[in-house]
Amino acid sequence: MMVSVILPTYNERDNIVELVECLSGVLGRDHSFEIVVVDDNSPDGTAGAVEGRFQNSDAVRLIRRNGQRGLATAVRRGIEESRGGIIVLMDADFSHSPGDLPAMLALVDRYDLVNGSRYLPAGGFQGSLRARTSSWMINWFLRILLRLPTTDSTSGFVAIRRSLLEKLSVQNIFYGYGDFHFRLLVNAGRLEASIGEVPVVHQFRRGGWAKTRLFRDGWGYIWSAVKIRFGLERL
Ligand SMILES: Nc1nc2c(ncn2[C@@H]2O[C@H](COP(=O)(O)OP(=O)(O)OP(=O)(O)O)[C@@H](O)[C@H]2O)c(=O)[nH]1
Ligand SMILES: [Mg+2]
């Protein structure tokens with residue numbers, strides 16, 4: 001089955017070319033694949049860097065969004081434009097390591113969704129103390145509030161079968177920021193989809209700078225989870 005990797009980018013010029021090359025090397029060994037970069041008109045010229053290096057490549061596609069910003073809606077656009085039977089969602093800054101992909105893809109034969117987890121024993125999270133603490137607390141809160149079976153509901157690193165995504169309503173999942181990850185898990189759980197987990201090590205971003213704002217986005221996650229729990233969110 002073809003693998004589609006969706007890479008949302010905002011100011012990732014210093015990472016994107018190297019990441020796409022690295023992913024192509026890893027995926028090319030065992031899979032047919034495409035890489036879909038969804039860029040929100042990054043001022044640093046991310047789109048130009050992708051176009052310059054990969055314009056003759058059939059496996060790499062660039063979607064430029066003009067006048068739109070947002071991680072989750074960019075991921076949604078990438079999903080809608082992708083063609084693979086397996087869809088991988090990951091960050092475009094090397095925080096999610098291409099080296100973790102083979103283990104995820106090996107499990108997608110057995111599960112509808114394979115969840116990358118920083119909180120399994122072999123997983124890890126390189127980040128500031130503030131980022132690690134808030135992630136741990138939010139994940140603890142989500143597990144209790146939403147009764148999720150997963151150990152990590154905000155990593156943003158997931159492989160999903162298209163057959164599962166087709167049963168879900170993407171417009172009710174992919175909005176906001178990284179909260180799309182737990183909305184996806186909640187919805188998959190409601191359909192009784194099979195969910196497997198693999199350990200992943202979240203690394204420091206290589207180049208560029210963080211777009212996440214811990215306080216604003218953290219509260220957004222909590223508010224979204226509360227709305228799901230009390231049936232106020234359309235799912
Ligand atoms: N298209 C698009 N992508 C975005 C947007 N905001 C963030 N991203 C991408 O989403 C991914 C995650 O954002 P990051 O800034 O790395 O967030 P983070 O991983 O919490 O922060 P770091 O600790 O710096 O890695 C990266 O690939 C970003 O380029 C956006 O508004 N539009
Ligand atoms: Mg990152």
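Tutor: A helix here is a DSSP run of type H or I with at least four residues, and helices are numbered from the N terminus. The model is predicted.

Student: In which helix is A74 found?

Tutor: Helix α3 spans residues 71-81. A74 is found in that run, helix α3.

Student: Is A74 buried or exposed?

Tutor: A residue counts as buried under 20% relative accessible area and as exposed over 50%. A74 has a relative accessible area of 2%, so A74 is buried.

Student: What distance separates the C-alpha atoms of A74 and R64?

Tutor: Along the chain, A74 and R64 are 10 residues apart. In space, their C-alpha atoms are separated by 9.6 Å.

Student: Which residues come nearest to ligand 1?

Tutor: There are 19 residues around ligand 1. Of these, the nearest are E12, D93, R205, K211 and T212.

Student: How many residues of each class, nonpolar, polar and charged, are in the shell around ligand 1?

Tutor: Gly is counted with the polar residues in this scheme. By class, the shell around ligand 1 holds 8 nonpolar, 4 polar and 7 charged residues.

Student: At what distance from an oxygen atom of ligand 1 is a polar backbone atom of K211?

Tutor: R205 uses a polar side-chain atom, 2.6 Å from a ligand 1 oxygen. A92 uses a polar backbone atom, with a ligand 1 oxygen 2.8 Å away. For K211 the atom also belongs to the backbone, and its distance from an oxygen of ligand 1 is 2.6 Å.

Student: What percentage of the accessible area of ligand 1 does the protein cover?

Tutor: On its own, ligand 1 has 630 Å² of accessible area. The share of this area covered by the protein is 88%.

Student: Which elements give two or more residues to the shell around ligand 1?

Tutor: Ligand 1 takes up the space of the largest pocket. Two or more shell residues come from each of β1 (3-9) and α3 (71-81).

Student: Where does H96 lie, and which backbone nitrogen does its side chain reach?

Tutor: H96 lies in the loop between β4 (86-89) and α4 (101-107). H96 counts as buried because its relative accessibility is 2%. At 2.9 Å, the H96 side chain reaches the backbone nitrogen of D91.

Student: How many residues of helix α7 are buried?

Tutor: Helix α7 covers residues 180-190 and has 11 residues. Those buried include F180, L184 and V186. The helix is mostly covered, and its buried residues number 9.

Student: N11 and E192 each have a positive phi; is each one buried or exposed?

Tutor: Most residues other than glycine have a negative phi. N11, in the loop between β1 and α1 (13-28), has a phi of about 55 degrees, while E192, in the loop between α7 and β8 (195-199), has a phi of about 60 degrees. With a relative accessible area of 7%, under the 20% cut-off, N11 is buried. With 71%, over the 50% cut-off, E192 is exposed.

Student: How far apart in space are G84 and M2, C-alpha to C-alpha?

Tutor: G84 is placed in the loop between α3 and β4. Its relative accessible area is 0%, so G84 is buried. G84 and M2 are 82 residues apart in sequence. C-alpha to C-alpha, G84 and M2 are apart in space by 4.6 Å.

Conventions: Residues numbered from 1 in each chain as written. Chains lettered and ligands numbered in written order. Predicted model: local features only at pLDDT ≥ 70, side-chain atom pairs only at ≥ 80, totals over all residues. Heavy atoms only, no water. Near = heavy atom within 4 Å. Polar contact = N/O pair within 3.5 Å; in protein donor to acceptor, adjacent residues only side chain to side chain. Areas by Shrake-Rupley, 256 points an atom, 1.4 Å probe, with all protein chains shown as cover. 1 Å grid on protein atoms, 1.4 Å probe; cavity = no way out; pocket = protein on both sides within 12 Å on 5 of 7 lines; lining within 4 Å. Sits in = over half its atoms within 2 Å of the grid points. Buried < 20%, exposed > 50% of the residue type's maximum accessible area, 1.4 Å probe, protein only.
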